[in-house]
Amino acid sequence: MKVVVLEQLSTPYINFIKKMYRVEAVEQIIHDEKSGMSYNKKTADLLLLTGGADVNPELYREPVGKYTHVNTGRDKREMNLLSRCHSTLPKLGICRGAQILTVHCGGQLIQHVTGHEGGSHDIDT
């Protein structure tokens with residue numbers, strides 16, 4: 001399976017994809033902003049957007065809240081990548097990835113959910 005990503009995937013993500021799609025191998029296609037490459041179902045099987053910092057609320061027209069920690073550079077790269085990907089390419093968002101997909105499609109987010117502070121958490125596969 002060929003997966004488009006912004007950066008090298010960690011082992012838990014690779015294991016998750018293998019189990020979810022029942023494939024033996026995952027070939028990572030690292031997206032390079034400068035190449036201007038566009039992806040479709042003939043060049044890749046999936047676009048994977050992974051977890052991380054909060055999506056900048058300014059992207060859905062809200063002020064940045066007290067508990068919000070953003071990575072504006074990553075927001076820009078992922079929004080650009082989503083704009084370049086062909087509509088027929090399947091997209092999978094995990095945690096933050098699902099949030100950036102929502103915002104890219106014009107949706108809104110709840111910035112802070114009590115009890116969900118902090119950065120990383122384990123992925124069970």
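## A buried glutamate

Let's start with one residue: glutamate 78 is buried, with a relative accessible area of 2%. Keep in mind as you explore that this is a predicted model. Glutamate 78 sits in helix H2, and its partner arginine 96 sits in helix H3, so this pair ties together parts that are 18 residues apart in sequence. The contact between the side chains of glutamate 78 and arginine 96 is a salt bridge, with 2.9 Å from N to O.

Is arginine 96 buried or exposed? Its relative accessibility is 1%, and because buried means under 20%, arginine 96 counts as buried.

## A network of charges

A word of background helps here: side chains of opposite charge can pair when their charged atoms come close. How many salt bridges does a search of the whole structure find? The search finds three.

You have already met one of them, between glutamate 78 and arginine 96. Another links arginine 74 with glutamate 78, where the closest N and O atoms are 2.9 Å apart. Arginine 74 and glutamate 78 are both in helix H2 (residues 72-84), four residues apart, which is about one turn of the helix. Both of these residues are buried.

Aspartate 75 also forms a salt bridge with arginine 96, and here the closest N and O atoms are 2.7 Å apart. Aspartate 75 belongs to helix H2 and arginine 96 to helix H3, so this pair ties together parts that are 21 residues apart in sequence. Aspartate 75 and arginine 96 are both buried. Through shared partners, the salt bridges join Arg74, Asp75, Glu78 and Arg96 into one network.

## The sheet

Now look at the strands. Four of them form an open sheet with parallel pairing, in the order E2-E1-E3-E4. Strand E2 (27-30) and strand E4 (91-93) are the edge strands, each pairing on one side only. On average, neighbouring strands of this sheet are turned by 30 degrees against each other, direction ignored.

Strand E3 (residues 46-49) and E4 run parallel and are joined by three bridges. Which residue in E4 is the bridge partner of leucine 49? The partner is glycine 93.

## Helices across the sheet

Helix H1 (residues 11-21) lies across strand E1 (2-5), E2, E3 and E4, and runs at about 125 degrees to E4. Helix H3 (residues 96-104) lies across E3 and E4, also at about 125 degrees to E4.

Cysteine 95 has its place in the loop between E4 and H3. With a relative accessible area of 34%, cysteine 95 is partly exposed. Its C-alpha atom is separated by 8.6 Å from that of leucine 49, although the two residues are 46 residues apart along the chain.

Methods
Residues numbered from 1 in each chain as written. Predicted model: local features only at pLDDT ≥ 70, side-chain atom pairs only at ≥ 80, totals over all residues. Heavy atoms only, no water. Pairing = 2+ DSSP bridges. Helix = DSSP H or I, 4+ residues; strand = E, 2+ residues; numbered from the N terminus. Axes fitted to C-alpha atoms, helices over the stretch in contact; angles between N-to-C directions. Contact = heavy atoms within 4.5 Å. Buried < 20%, exposed > 50% of the residue type's maximum accessible area, 1.4 Å probe, protein only. Salt bridge = Lys/Arg side-chain N within 4 Å of Asp/Glu carboxyl O.
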